[in-house]
Amino acid sequence: MNTAVYDKTQKNCLIVFRNKKINDFAGVNNVINEFANGGYYFDKISCIAFNSSTEIVSALKDGFENYENTLLFCPKAMENTLKNFAVSTLGGEFDGLNILKTEKASVFVLFSDDKNRLLTTDICAELDKRYGVNHGCAYVKTVGAPQKEILSAINSAKNICCELEFNVHESYGDCKIEVIYGVNTAKSVFDRALREIVSKLDKYIYALEDISLAERLVQLLKLRRMKICTAESFTGGGISKRLVQISGVSEVYFEGLNTYSNEAKTARLGVDEMTLKRFGAVSEQTAAEMAEGLIKDGNCDISISTTGIAGPKSDNTNKPVGLIYIGIALKEGTAVYKYELKGSRENITETAINLALFSAYKSIK
C-alpha cells in the first residue's frame, strides 16, 4: 500500500473564518468529514473571527509558511482579500476552481455561504495527484453497535491488515465505518480483514455499501414484495418522513399514522382502553397493539409502532425519560423491543427512529 496519504509530514491546515456571534459548526464538520472520506486529515484547525484583521494575518502567515496545504473556509465576501494575500505571499495565481498551486504550498478556497465550483472531492483528487496516492474505500453500515464493539472489530481487522485506515461517523446510533485501503493491498488480505469486521458486528449491520438505513429498508421491502405501515407516538411522524424521502417508496409504503393521544390510539388503531389504563401508553402491551392494529386492516405486510417518553420531563407516571418501545408486527406475529435511551429529546427521538427502521429491516431480512 502506498502510505503517502497518511504520512505525518504532509501538513494540512484548515482556517475557518466565521462570525464569532454564531456558533454553527455544521459546515465545518462536513468539510472535515468529507476530507476524512478521501483519506486526508488536518494537522491544525483554526477558527478566526472574520472581523479580527490581526488574527487573520497571523493565521494566514502560519498556514502558508508552515503547512504544505491550506484550506480557507470563508464567506464569499472575503474571497478577494484572502486570495490577494495568498498571491502576494506565495506568488502564482488562482485557477478557475479557486486553487493556488506553487512549489512552496497549495491553497484552496471554499465558501461557507455560497455555491462552490470547487468541491472537496476535487481537492482530495489534487492531493492524491500531488502525493501519488491511489486508494479505495469500503463501507460497513450499522445501527446500535456499542463503541467498544466497533473498536474491537477495527483492531481485529488491523491485526490482519495493518495497512488499513478507518473513519467512523456516528449519528444517533447509525454508524458508517469507512475502510480505506491502498491499491497495493492484497485483495485476499483485505477481504479477510473485512470479513472479520462483518463477523464481529453482524447483528448490527444493515449494509456493506454507502446507503442510508431508509433506502436499505425500502430496497428490501421491494425485494420481498411487501408493504409497510407506521403508527407513531413520540417520534411524531419521523419514521414516515424518512421513508417518503426515498424515491420509489410508493411501491411499498401504504400509510403512516401519528397517533399521539390515547384517544387516537384507541380510535385509529384499536388499542384496548383497558390496556392503556392498566399498563399505560408507554408500555410493551400498547406498542404491540398499535402495530397489530395496522396489520389487522390487511393493507400492509409489516408495521412499525413507537411509544415512549422523549423528555425533557416524564409523563405523570414513574417511568423514566428515554424509555421507549418499538413494535414490529408481521402476519406471523409481533415483537416488541424495549430501550432506555439517554440524552436530549432530539437524541432520544432520532435514535428511536433509527432503531425502529433497523428493527423492521432485521425482521424481514
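The protein chain has twelve helices and 14 strands. The model is predicted. The exercises below go from the whole chain to one helix and then to one sheet.

**Exercise 1. The whole chain**

Task: Describe the extent, burial and surface of the protein chain.

Solution:
1. Along the principal axes, the C-alpha atoms fill a box of roughly 80 × 50 × 40 Å.
2. The protein chain has 365 residues, of which 48% count as buried. Buried here means under 20% relative accessible area.
3. The exposed surface comes to about 18100 Å², with carbon and sulfur atoms supplying 47% of it.
4. Take the contacts with a separation of 6 or more: residues 24 or more positions apart account for 67% of them.

**Exercise 2. Helix H2**

Task: Find which residues of H2 are buried, and explain why they lie on the same side of the helix.

Solution:
1. Helix H2 covers residues 53-66, which is 14 residues. From its first C-alpha to its last it reaches 20 Å, close to the 20 Å expected at 1.5 Å a residue.
2. Ile 56, Ala 59, Leu 60, Gly 63 and Phe 64 are the buried residues of H2.
3. These residues are on the same side of H2 because they cover an arc of only 120° around the axis.
4. The general rule is that an α-helix has 3.6 residues a turn, so residues three or four places apart point the same way.
5. On the other side of H2, Thr 54 and Glu 65 are exposed; the cut-off for exposed is over 50% relative accessible area.
6. The packing partners of the buried residues of H2 are strands S1 (12-18), S2 (44-49), S3 (69-74) and S5 (106-111), together with helix H3 (79-90).

**Exercise 3. The five-stranded sheet**

Task: Work out the strand order of the open sheet of five strands, then place helices H11 and H12 on it.

Solution:
1. The order is S11-S10-S12-S13-S14, and the pairing is mixed.
2. Strands S11 (253-258) and S14 (333-340) are the edge strands, as each pairs on one side only.
3. On average, neighbouring strands of this sheet are turned by 10° against each other, direction ignored.
4. Inside the sheet, S10 (residues 228-232) and S12 (residues 302-308) run parallel and are joined by five bridges. Ile 228 has Ile 302 in S12 as its bridge partner.
5. Helix H12 (residues 345-364) packs on the sheet and touches S12, S13 and S14. The direction of H12 makes about 25° with that of S13.
6. Helix H11 (residues 284-296) lies across S10, S11, S12, S13 (323-330) and S14. H11 runs at about 150° to S12.

Definitions and conventions. Residues numbered from 1 in each chain as written. Predicted model: local features only at pLDDT ≥ 70, side-chain atom pairs only at ≥ 80, totals over all residues. Heavy atoms only, no water. Helix = DSSP H or I, 4+ residues; strand = E, 2+ residues; numbered from the N terminus. Expected span 1.5 Å × (residues − 1). Buried < 20%, exposed > 50% of the residue type's maximum accessible area, 1.4 Å probe, protein only. Arc of directions from axis to C-beta. Contact = heavy atoms within 4.5 Å. Pairing = 2+ DSSP bridges. Axes fitted to C-alpha atoms, helices over the stretch in contact; angles between N-to-C directions. Areas by Shrake-Rupley, 256 points an atom, 1.4 Å probe, with all protein chains shown as cover.
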